[in-house]
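Me: I have a new structure in front of me. How do I start reading it?

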Amino acid sequence: GTHIEVPFHCLKKGADLSQVPVDRLVGDAIILDLTKAEAEGGVTVEQVQAAAKAAGGMRKGDIVFGRMGRTQYFSTASLQWLVDQGMKMMGVDSAGPELENDATHANVNHLLLFRAGIPVIERLANLEKVSRPRVKVYALPIPARGVDAFPLRVIAIEQS
(Lines give C-alpha, C1' and ligand atoms only; values in the text may rest on other atoms or scores of the structure.)
Protein backbone atom coordinates (compact mmCIF):
# COMPACT_ATOMS: atom_id res chain seq x y z
CA GLY A 1 0.00 0.00 0.00
CA THR A 2 2.94 2.43 -0.22
CA HIS A 3 1.73 5.43 -2.18
CA ILE A 4 2.40 9.11 -2.72
CA GLU A 5 -0.14 11.90 -2.39
CA VAL A 6 0.46 15.33 -3.92
CA PRO A 7 -1.19 18.74 -3.35
CA PHE A 8 -3.94 18.05 -5.93
CA HIS A 9 -5.17 15.38 -3.48
CA CYS A 10 -6.79 18.13 -1.36
CA LEU A 11 -6.31 21.37 -3.29
CA LYS A 12 -8.21 22.02 -6.54
CA LYS A 13 -5.34 24.15 -7.84
CA GLY A 14 -2.58 22.09 -6.22
CA ALA A 15 0.16 20.39 -8.21
CA ASP A 16 -0.82 17.05 -9.71
CA LEU A 17 1.66 14.20 -10.05
CA SER A 18 3.02 15.54 -13.35
CA GLN A 19 3.79 18.94 -11.78
CA VAL A 20 5.83 17.81 -8.78
CA PRO A 21 9.49 18.66 -9.46
CA VAL A 22 11.80 15.64 -9.49
CA ASP A 23 14.12 17.36 -7.02
CA ARG A 24 11.32 17.10 -4.41
CA LEU A 25 11.26 13.32 -4.87
CA VAL A 26 14.99 12.61 -4.66
CA GLY A 27 17.52 13.58 -2.03
CA ASP A 28 18.85 13.20 1.46
CA ALA A 29 16.43 11.91 4.06
CA ILE A 30 16.42 11.93 7.83
CA ILE A 31 14.72 9.00 9.55
CA LEU A 32 12.90 10.07 12.71
CA ASP A 33 12.55 7.19 15.15
CA LEU A 34 9.19 7.94 16.76
CA THR A 35 8.47 4.36 17.80
CA LYS A 36 8.41 5.30 21.51
CA ALA A 37 6.55 8.59 21.08
CA GLU A 38 3.11 8.60 22.64
CA ALA A 39 0.82 11.60 22.73
CA GLU A 40 -2.93 12.14 22.81
CA GLY A 41 -2.99 14.78 20.04
CA GLY A 42 -0.28 13.28 17.84
CA VAL A 43 3.50 13.19 18.04
CA THR A 44 4.54 16.47 19.67
CA VAL A 45 7.01 19.13 18.57
CA GLU A 46 9.33 18.13 21.42
CA GLN A 47 9.24 14.46 20.38
CA VAL A 48 9.99 15.37 16.76
CA GLN A 49 12.82 17.70 17.79
CA ALA A 50 14.34 15.01 20.03
CA ALA A 51 14.14 12.42 17.22
CA ALA A 52 15.71 14.87 14.76
CA LYS A 53 18.53 15.65 17.20
CA ALA A 54 19.16 11.92 17.79
CA ALA A 55 19.37 11.43 14.00
CA GLY A 56 21.99 14.15 13.60
CA GLY A 57 19.73 17.15 13.06
CA MET A 58 17.41 18.46 10.37
CA ARG A 59 18.81 20.13 7.27
CA LYS A 60 16.99 22.47 4.93
CA GLY A 61 15.79 20.41 1.94
CA ASP A 62 15.62 17.11 3.83
CA ILE A 63 13.09 14.44 3.05
CA VAL A 64 11.63 13.38 6.41
CA PHE A 65 10.60 9.79 7.08
CA GLY A 66 8.79 9.00 10.33
CA ARG A 67 9.07 5.52 11.77
CA MET A 68 5.91 5.63 13.82
CA GLY A 69 4.99 3.71 16.94
CA ARG A 70 1.86 3.60 19.03
CA THR A 71 1.01 7.18 18.07
CA GLN A 72 0.76 6.89 14.31
CA TYR A 73 0.14 10.51 13.38
CA PHE A 74 1.57 13.98 14.00
CA SER A 75 0.27 17.00 15.85
CA THR A 76 -0.24 19.93 13.51
CA ALA A 77 2.38 21.91 15.47
CA SER A 78 5.03 19.21 14.92
CA LEU A 79 4.37 19.18 11.18
CA GLN A 80 4.58 22.98 11.11
CA TRP A 81 7.99 22.74 12.80
CA LEU A 82 9.18 20.30 10.11
CA VAL A 83 7.86 22.58 7.35
CA ASP A 84 9.62 25.55 9.00
CA GLN A 85 12.89 23.58 8.98
CA GLY A 86 12.66 23.24 5.19
CA MET A 87 11.35 19.69 4.74
CA LYS A 88 10.69 18.98 1.04
CA MET A 89 8.83 15.66 1.24
CA MET A 90 7.40 13.58 4.08
CA GLY A 91 6.88 9.86 4.47
CA VAL A 92 5.50 7.67 7.23
CA ASP A 93 5.15 3.94 7.72
CA SER A 94 1.64 4.47 9.10
CA ALA A 95 -1.61 5.30 7.31
CA GLY A 96 -0.59 8.96 7.16
CA PRO A 97 0.16 12.10 9.14
CA GLU A 98 -3.48 13.13 9.55
CA LEU A 99 -5.06 13.79 12.93
CA GLU A 100 -6.73 10.75 14.47
CA ASN A 101 -10.46 10.82 15.15
CA ASP A 102 -11.04 14.07 13.25
CA ALA A 103 -14.80 13.86 12.70
CA THR A 104 -14.70 17.02 10.56
CA HIS A 105 -12.54 15.36 7.90
CA ALA A 106 -10.86 18.75 7.47
CA ASN A 107 -7.51 17.13 6.54
CA VAL A 108 -5.70 19.83 8.52
CA ASN A 109 -2.31 18.12 8.42
CA HIS A 110 -2.54 17.22 4.74
CA LEU A 111 -3.51 20.80 3.90
CA LEU A 112 -0.59 22.18 5.91
CA LEU A 113 1.83 20.03 3.92
CA PHE A 114 0.17 20.46 0.53
CA ARG A 115 -0.04 24.25 0.85
CA ALA A 116 3.74 24.17 1.32
CA GLY A 117 4.08 21.99 -1.82
CA ILE A 118 5.17 18.96 0.21
CA PRO A 119 4.23 15.53 -1.16
CA VAL A 120 3.32 12.82 1.36
CA ILE A 121 4.25 9.14 1.20
CA GLU A 122 2.01 6.90 3.27
CA ARG A 123 2.49 3.30 4.39
CA LEU A 124 6.23 3.24 3.70
CA ALA A 125 7.22 -0.42 3.53
CA ASN A 126 10.32 -1.78 5.28
CA LEU A 127 11.30 1.46 7.00
CA GLU A 128 12.17 -0.58 10.09
CA LYS A 129 14.94 -2.27 8.05
CA VAL A 130 16.81 1.00 7.48
CA SER A 131 19.67 1.01 9.98
CA ARG A 132 21.07 4.52 9.49
CA PRO A 133 19.45 7.81 10.50
CA ARG A 134 20.29 9.43 7.14
CA VAL A 135 19.84 7.87 3.69
CA LYS A 136 19.64 8.86 0.05
CA VAL A 137 16.06 8.48 -1.23
CA TYR A 138 14.56 7.96 -4.67
CA ALA A 139 10.76 8.07 -4.90
CA LEU A 140 9.82 8.37 -8.57
CA PRO A 141 6.17 7.84 -9.53
CA ILE A 142 4.92 8.06 -13.10
CA PRO A 143 4.34 11.80 -13.75
CA ALA A 144 0.68 11.43 -14.75
CA ARG A 145 -1.52 14.50 -15.34
CA GLY A 146 -4.64 14.90 -13.25
CA VAL A 147 -3.52 12.27 -10.72
CA ASP A 148 -3.45 13.10 -7.00
CA ALA A 149 -2.10 9.81 -5.57
CA PHE A 150 -0.22 6.83 -6.97
CA PRO A 151 1.42 3.56 -5.82
CA LEU A 152 5.11 4.04 -5.25
CA ARG A 153 8.32 2.12 -4.76
CA VAL A 154 10.77 4.00 -2.56
CA ILE A 155 14.49 3.26 -2.67
CA ALA A 156 16.59 4.22 0.37
CA ILE A 157 20.36 3.86 0.01
CA GLU A 158 22.44 3.70 3.15
CA GLN A 159 25.76 5.40 2.60
CA SER A 160 28.82 4.47 4.62
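What follows is a short walk through the sheet, the helices and a few single residues.

Me: Before we start, what kind of model is this?

Reply: This is a predicted model. Keep that in mind throughout.

Me: How many strands form the sheet, and in what order?

Reply: For a sheet, read the order of the strands in space. Here eight strands form an open sheet, ordered 7-1-5-4-3-2-6-8. The pairing is mixed.

Me: Which strands are at the edges?

Reply: An edge strand pairs on one side only, and here these are strand 7 (149-151) and strand 8 (154-157). Look at the twist too. On average, neighbouring strands of this sheet are turned by 25 degrees against each other, direction ignored.

Me: How do strand 2 and strand 3 run, parallel or antiparallel?

Reply: They run parallel, and six bridges join them. To find the register, pick one pair. Alanine 29 stands opposite isoleucine 63 in strand 3. Then follow the connection. The chain leaves strand 2, passes through helix 2 and arrives at strand 3, in a right-handed β-α-β crossover.

Me: And how many bridges join strand 3 to strand 4?

Reply: Four, and these two strands run parallel. Valine 64 has methionine 90 in strand 4 as its bridge partner. The link has a handedness here as well: strand 3, helix 3 and strand 4 make a right-handed β-α-β unit.

Me: What about strand 1 and strand 5, parallel or antiparallel?

Reply: Antiparallel. Strand 1 (residues 3-5) and strand 5 (residues 120-122) are joined by three bridges. One pair to find is histidine 3, which stands opposite glutamate 122 in strand 5.

Me: How many residues of strand 3 are buried?

Reply: Check each face of a strand in turn. In strand 3 (residues 63-68), six of six residues are buried. Ile63, Phe65 and Arg67 lie on one side, and Val64, Gly66 and Met68 on the other. Both faces are covered.

Me: Now the helices. At what angle do helix 3 and helix 4 cross?

Reply: Compare the two axes. Those of helix 3 (residues 76-84) and helix 4 (residues 108-115) cross at roughly 10 degrees and come within 10 Å. An angle under 35 degrees counts as roughly parallel, so helix 3 is roughly parallel to helix 4.

Me: Which residues make the contact?

Reply: Helix 3 contributes Thr76, Leu79, Gln80 and Val83. Helix 4 contributes Val108, Asn109, Leu112 and Leu113. Sort them by class: five are nonpolar, three are polar and none is charged.

Me: Where does helix 4 lie against the sheet?

Reply: Helix 4 lies across strand 1, strand 4 (89-92) and strand 5. Its direction makes an angle of about 140 degrees with strand 5.

Me: Why is helix 4 described as largely enclosed?

Reply: Count the buried residues. Six of the eight residues of helix 4 are buried, so the rest of the structure largely encloses it. They are Asn109, His110, Leu111, Leu112, Leu113 and Phe114. The cover includes strand 1, helix 3, strand 4 and strand 5.

Me: Can we take one of those residues? What does asparagine 109 touch?

Reply: Asparagine 109 sits in helix 4. Its relative accessible area is 0%, so it is buried. Leaving out residues up to four places away in sequence, asparagine 109 touches Phe74, Ser75, Thr76, Leu79, Pro97, Glu98 and Leu99.

Me: Where is glutamate 40, and is it buried or exposed?

Reply: Glutamate 40 is in the loop between strand 2 (26-34) and helix 2 (45-54). Its relative accessibility is 78%, so it counts as exposed. For a distance, take asparagine 107, which is 67 residues away along the chain: the two C-alpha atoms are separated by 18 Å.

Me: How should I read a positive phi?

Reply: Start from the general rule. Most residues other than glycine have a negative phi. Now look for positive values here. Glycine 117, which follows helix 4, has a phi near 75 degrees. Asparagine 107 has a positive phi near 55 degrees and is not a glycine. It is in the loop between strand 4 and helix 4, and at 31% relative accessible area it is partly exposed.

Me: What is the phi of arginine 123?

Reply: Arginine 123 has a positive phi of about 60 degrees, although it is not a glycine. Look for it in the loop between strand 5 and strand 6 (134-139). With a relative accessible area of 46%, arginine 123 is partly exposed.

How values were computed:
Residues are numbered from 1 along each chain as its sequence is written. This is a predicted model: local features need pLDDT of at least 70, side-chain atom pairs count only at pLDDT 80 or more; totals for chains, interfaces and linings use all residues. Side-chain values use heavy atoms; hydrogens and water are left out. Axes are lines fitted to C-alpha atoms, for helices over the stretch in contact, and angles run from 0 to 180 degrees between N-to-C directions. Angles under 35 degrees count as roughly parallel, over 145 as roughly antiparallel, 65 to 115 as roughly perpendicular and the rest as oblique. Contact means heavy atoms within 4.5 Å. Ala, Val, Leu, Ile, Met, Phe, Trp, Tyr, Cys and Pro count as nonpolar, Asp, Glu, Lys and Arg as charged, and the others, Gly among them, as polar. Two strands pair if DSSP finds at least two bridges between them. Buried means under 20% relative accessible area, exposed over 50%, partly exposed in between (1.4 Å probe, protein chains only). A crossover is right-handed if, with the strands pointing away from the viewer, the path from the first strand over the helix to the second runs clockwise.
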